[in-house]
Amino acid sequence: MGFIDDAKDAAETAGRKIKDGFEDTVDRIHDKVDEVKADAEVRKAEHDRDRVEAKNDLKEKLRGED
């Protein structure tokens with residue numbers, strides 16, 4: 001029975017390693033998704049800032065405050 005027990009232990013160890021590897025991969029994917037979302041939010045905020053600055057500059061020129 002020693003051989004069967006060894007094979008069972010090896011299979012359980014391999015299964016745990018596969019599960020851990022899969023979980024690590026899933027975590028990395030989630031981290032990358034969060035990073036991409038954050039970058040998109042930053043780009044949107046920068047775009048909004050630039051848009052508001054351009055609008056305000058135009059208003060100032062129209063008022064003759066330039």
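Mentor: Before we start, one convention: Lys and Arg count as positive and Asp and Glu as negative, while His and the chain ends are not counted. Also keep in mind that this is a predicted model.

Trainee: Got it. So how far apart are the mean positions of the positive and negative charges?

Mentor: They are 5 Å apart, for 15 positive and 21 negative charges in the protein chain.

Trainee: Okay, stepping back to the fold. How many helices and strands does the protein chain have?

Mentor: The secondary structure comes to one helix and zero strands. That helix is α1, covering residues 2-63.

Trainee: And what box do the C-alpha atoms fill?

Mentor: Along the principal axes, the box is roughly 95 × 10 × 5 Å. The radius of gyration says something similar: the protein chain has 28 Å, whereas a compact globule of 66 residues would have a value near 11 Å.

Trainee: What share of the residues is buried, then?

Mentor: Buried residues make up 0% of the 66 in the protein chain.

Trainee: How much area does the chain expose, and what part of that comes from carbon and sulfur?

Mentor: About 6,200 Å² is exposed, and carbon and sulfur atoms supply 55% of that area.

Trainee: Switching to side chains. How many salt bridges are there?

Mentor: The count comes to four. Let me take you through some of them. One of them joins Lys44 to Asp48, with the closest N and O atoms 3.2 Å apart.

Trainee: Where do Lys44 and Asp48 lie?

Mentor: Both lie in helix α1, four residues apart, which is about one turn of the helix.

Trainee: Is Lys44 buried or exposed? And why does Asp48 get its own label?

Mentor: Lys44 is exposed, with a relative accessible area of 52%. Asp48 counts as partly exposed because its relative accessible area is 24%, and that class runs between 20% and 50%.

Trainee: Which residue does Glu23 pair with?

Mentor: Glu23 forms a salt bridge with Lys19, and the closest N and O atoms are 4.0 Å apart. Glu23 and Lys19 are also four residues apart in helix α1, again about one turn. At 36% relative accessibility Glu23 is partly exposed, while Lys19, at 51%, counts as exposed.

Trainee: What about Arg49, which partner does its side chain meet?

Mentor: Arg49 meets Asp50 in a salt bridge, 3.1 Å from N to O. Arg49 is partly exposed, with a relative accessible area of 44%, and Asp50 is partly exposed too, at 39%.

Trainee: Last one, back to charges. Which residues form the negative surface patch?

Mentor: Asp20, Asp24, Asp27, Asp31 and Asp34 form that patch. If you want to place one of them on the structure, Asp31 lies in helix α1.

Terms used
Residues are numbered from 1 along each chain as its sequence is written. This is a predicted model: local features need pLDDT of at least 70, side-chain atom pairs count only at pLDDT 80 or more; totals for chains, interfaces and linings use all residues. Side-chain values use heavy atoms; hydrogens and water are left out. Helices (H or I, at least four residues) and strands (E, at least two) are DSSP runs, numbered from the N terminus. The radius of gyration is taken over C-alpha atoms; the globule rule is 2.2 Å times the number of residues to the power 0.38. Buried means under 20% relative accessible area, exposed over 50%, partly exposed in between (1.4 Å probe, protein chains only). Accessible areas come from the Shrake-Rupley method with a 1.4 Å probe; for residues, only the protein chains shown count as cover. The place of a charge is taken as NZ of Lys, CZ of Arg, CG of Asp or CD of Glu. Patches are made of residues with over 30% relative accessible area and no salt bridge: like charges are joined within 9 Å, nonpolar side chains (Val, Leu, Ile, Met, Phe, Trp, Tyr) within 5 Å.
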